[in-house]
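User: I'd like to learn how to read features off a model like this one. Could you walk me through it?
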Amino acid sequence: MENEIFDSRLDLSGLSEAVSRIRLEVGKVIVGQDQMVDLLLTALLADGHVLIEGVPGVAKTLTSKVLARILNVDFSRIQFTPDLMPSDILGTSVFNMKEGTFSYRKGPVFTNILLIDEINRSPAKTQAALFEVMEERQVTADGETLPFQEPFMVVATQNPIEQEGTYRLPEAQLDRFLFKIEVGYPDVDDEVSILKKFHTDTTGVKLDTLSKVLSGEEIVKYRQITREIHVSDEVFKYIASLVSDTRGHHDLYLGASPRASLAILAGAKAYAAISGRDFVTPEDVQFIAAPVLRHRLILTPEKEMEGDSVDKIIGRIIDKLEVPR
């Protein structure tokens, strides 16, 4: 359906050009990982946060840093550790002895793109400090509400293998991520390209040479355009049926809530926009379904023991659904 000729009701030419330039700039540093880049761009347009999971060395953090560098917005990085306190990320009140008053010193969360490395390294108290940050885009301190400047996006990483010294993210916090992106190993051809790039350029990655593509104002403007992407009644029903089929599923202990339906809708609209279309197709929904649902569904203990996966169950549900045309 993407190759069909159509008259666009929205002007997506500026966004399409920006997406092409971003992919070009990312490609100067990152080899492969095209799906991760597309999902990060989709989440940025959909005003959502992203959790990236993968073993060490698959460019999770580097890709996030590259994207933040290409966007002409503020960027902060926090390395989560077991001794990190909420005040280390949110900020704290400081007493000014000269004036005899307290003032709030803002923490690193007051930014546009917030990269949290190894989010599962900190205990529950520090993780809980992110609830208001991620959901309401603000910090409440000393009875005062301090809102963030748009755009705001959290990109968090975690390692699924190493469990020592980590703290599992609660379901309520996982639900605040629009996507969970699972990053695997590159294929042989991509790994050959990585080796050749390292062989010819041993000086390392120079992020300061990357060109800036989108400003904060442009991101906010394109987010508004994305909200106007057309969705047919058939696609609305397709999304609702997909999420509904996860509830009461015999292989799932926990199904998806209406928040998941809204996340699929927002993600599908944003993915249609970066694909240059002003309408959502069932294929957009299918592409977005796994990243939206995989961290919101819980397998039954029996299926976990059998080695089944949430992604496989999502695939089976999609295969059984009638696709609207």
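User: Let's start with one residue: is Arg137 buried, partly exposed or exposed?

Analyst: Buried means under 20% relative accessible area, exposed over 50%, and partly exposed in between (1.4 Å probe, protein chains only). Arg137 has a relative accessible area of 21%, so Arg137 is partly exposed. Before going on: this is a predicted model, where local features need pLDDT of at least 70, side-chain atom pairs count only at pLDDT 80 or more, and totals for chains, interfaces and linings use all residues. Residues are numbered from 1 along each chain as its sequence is written, and side-chain values use heavy atoms, with hydrogens and water left out.

User: Where does Arg137 lie, and what is phi there?

Analyst: For location we use DSSP runs numbered from the N terminus: helices are H or I with at least four residues, strands are E with at least two. Arg137 lies in the loop between helix H6 (130-136) and strand E6 (138-141). Its phi is near 55°, a positive value in a residue other than glycine. Ala59 also has a positive phi, near 70°. That residue is found in the loop between strand E1 (50-53) and helix H3 (60-70), and at 25% relative accessibility Ala59 counts as partly exposed.

User: And which peptide bond is cis?

Analyst: The one from Glu150 to Pro151, with omega near -5°. Pro151 sits in the loop between E7 and E8.

User: How do I read aromatic pairs, and how many does a search of the whole structure find?

Analyst: A pair of aromatic rings is described by the distance of the centres and the angle of the planes. Here, rings of Phe, Tyr and Trp (its six-membered ring) pair if their centres lie within 6.5 Å; planes under 30 degrees apart count as stacked, over 60 as edge-to-face and the rest as tilted. The search of the whole structure turns up three pairs. In one of them, the ring centres of Phe110 and Phe148 are 4.9 Å apart with planes at 75°, so that pair is edge-to-face. Phe110 lies in the loop between strand E4 (101-106) and strand E5 (113-117), and Phe148 in the loop between strand E7 (144-147) and strand E8 (153-158), so the pair ties together parts 38 residues apart in sequence. Both Phe110 and Phe148 are buried. Ring pairs also link Phe110, Phe148 and Phe152 into a cluster.

User: What about Tyr271 and Phe287: how are those rings arranged?

Analyst: Those two are stacked, at 4.3 Å centre to centre with 20° between the planes. Tyr271 lies in helix H11 (residues 258-274) and Phe287 in helix H12 (residues 282-293), so this pair ties together parts 16 residues apart in sequence. Tyr271 counts as buried at 12% relative accessibility, while Phe287, at 23%, counts as partly exposed.

User: Which charged end sits over the ring of Phe279?

Analyst: The rule is that NZ of Lys or CZ of Arg is within 6 Å of the ring centre and within 35 degrees of the ring normal. In this model the charged end of Arg277 sits over the Phe279 ring, 5.7 Å from its centre.

User: Now for empty space. How much lies in the largest pocket, and how much in the largest cavity?

Analyst: On a 1 Å grid over the protein atoms alone, a cavity is a set of points where a 1.4 Å probe fits but cannot get out; a pocket is an open set with protein on both sides within 12 Å along at least five of seven lines, and lining residues have an atom within 4 Å of a point. Points are joined across faces, edges and corners, and a volume is the space filled by probe spheres set on them. The largest pocket holds about 720 Å³. Of the 25 residues lining that pocket, the closest to its centre are Glu53, Gln158, Arg168, Lys180 and Arg294. The largest cavity holds about 70 Å³.

User: How do the linings split by class?

Analyst: Ala, Val, Leu, Ile, Met, Phe, Trp, Tyr, Cys and Pro count as nonpolar, Asp, Glu, Lys and Arg as charged, and the others, Gly among them, as polar. The pocket lining has eight nonpolar, seven polar and ten charged residues. The cavity lining has eleven nonpolar, no polar and no charged residues. H1 gives the largest share of the cavity lining, four residues.
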